[in-house]
Amino acid sequence: MDSLFSQVRASASKANEAERKKIIDGLRDLAFSIESPEDTMQRIMFQHLQIAGARIAIDLNLFNMLATSSPLTTRQLAQAKGANEALMASVGMIKETGQDTFAATNITQTLATPGWQAGVRHYFDNCGPVFQKLPEFLAKTKYQAITDNAKCVLQPAFNINVPAFIWLQQNPARFATFQQYMMQQREGMPTWLTVYPVSRETKEWDPDRPVFVDVGGGLGHQCAALKAKYPDLRGRVIVQDLPNAIEAALSTPGVQNMVHDFFSPQPVKGAKYYYMRNILHDYPDDKCLVILKYLIAAMSKESVLLIDDMVLPNSKVHWQAAQLDITLMASLASVERTKAQWLTLLDRAGLKVVNIYTYTVSLQDSIIAAVPKQVSISKALPDKGETKKLDYQSKVRP
Ligand SMILES: C[S@@+](CC[C@H](N)C(=O)[O-])C[C@H]1O[C@@H](n2cnc3c(N)ncnc32)[C@H](O)[C@@H]1O
């Protein structure tokens, strides 16, 4: 058995992202297939407790203590009073190396990282109450699809009546946690920059014109990654988001941080790329059409819309994509879309898909490159007024 484990470990250490995921999924399926009913129920029934344990351990700085100095005894961890180290060890978050003695693992290191800790807080604090409410909500609605983002599970879960992003803005601590997690969530995975031919398409671009606008770009991490990969990229790079996000955004040399509500006219005209990562997946089709309308109106004949989102297959959707899909439905009344759903939506918006570049295997993260069927501005407009910080319209439409 030990040699079998060593063999798997050796294969995994040499594997690329796709192969490594295949190994994990194969082992997972194997483990499920040999579970007894009692094993299955232990795994399923205690899922809430795992994230609660992680949340408590983060509050108590337990993972960071172990990640920086391992092993530590329970006595040494005494500052982390109240945390049940045995639980954390039993679900592999830390490793028991002797009696009352614990050490860090690769998982501890992950859980000691601020961005991943924000992920635990986001899923426990913001998504947890929504998951709890989901069975009751679906029973009440007779298991119908959730299509109104002001009337999904989030609202009764938090006793609110506004859509998620308005609520998040009203709760700066939750919003900051969410943004911090957004910056981290695809860390270590291939990105769109591994597949999209940016340098080929921009080598003749006028350096005074906007080249890349990250619409709803959060803290500006994609702009930073773009600049790091293409330091000599010709043209201006801009990240746009809501005021709280832009206030906390990275200060990347050569990147302009701009407050902009994407439910209002796009102020940067004629950019080469309008890029949106994980934006349209946050909204049902009717809201996406509004966002797209404002972008199309700003696009010139040289502009390309880059939609960075999952493009799901019609069957055998990866479990990680499926769980995100349900989370979006419950919190935002939105969906991860299949290729057919994307084509229908973009066609309705007046866009033609030029190419789809898929760059992750599990989530099927992809760049959908699309251009307007009809261009309303024929060339880039003069730049005046684009670089100043826009006044933020106080009411953000969902
Ligand atoms: C799922 S996050 C994606 C963030 C970033 N694009 C990324 O991939 O990490 C959605 C982003 O949209 C922003 N957002 C939500 N509503 C917005 C609006 N009306 N105008 C501009 N940005 C908005 C949020 O603040 C958040 O940064």
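**Notebook: ligand shell and cysteines**

I began with the surroundings of the ligand, and found that the shell around the ligand draws at least three residues from each of domain 2 (114-185) and domain 3 (192-372). I note here that the model is predicted.

I then listed the shell itself: 21 residues surround the ligand, and the closest are Q179, G216, H221, D241 and R277. Sorting the shell by class gave me ten nonpolar, seven polar and four charged residues. When I looked for the element that gives the most to this shell, I arrived at helix α11 (residues 172-184), which supplies four residues.

Next I looked up contacts to nitrogen atoms of the ligand. I found a backbone N or O atom of G216 at 2.8 Å from a ligand nitrogen atom, an N or O atom in the side chain of D261 at 2.9 Å from a nitrogen atom of the ligand, and a polar side-chain atom of Y283 at 3.3 Å from a ligand nitrogen atom. I also checked how much of the ligand is covered: taken alone the ligand exposes 590 Å², of which the protein buries 99%.

Last, I turned to the cysteines, taking a disulfide as a pair of cysteine sulfur atoms within 2.5 Å, and my count came to zero disulfides. For C152, which is in no disulfide, the nearest cysteine sulfur is that of C127, 12 Å away; I recorded C152 as buried, with a relative accessible area of 1%. C288 is likewise in no disulfide, the nearest cysteine sulfur being that of C152 at 14 Å, and I entered C288 as buried, with a relative accessible area of 0%.

Technical notes. Residues numbered from 1 in each chain as written. Predicted model: local features only at pLDDT ≥ 70, side-chain atom pairs only at ≥ 80, totals over all residues. Heavy atoms only, no water. Buried < 20%, exposed > 50% of the residue type's maximum accessible area, 1.4 Å probe, protein only. Near = heavy atom within 4 Å. Polar contact = N/O pair within 3.5 Å; in protein donor to acceptor, adjacent residues only side chain to side chain. Areas by Shrake-Rupley, 256 points an atom, 1.4 Å probe, with all protein chains shown as cover. Helix = DSSP H or I, 4+ residues; strand = E, 2+ residues; numbered from the N terminus. Nonpolar A, V, L, I, M, F, W, Y, C, P; charged D, E, K, R; others polar. Domains from an automatic or database assignment.
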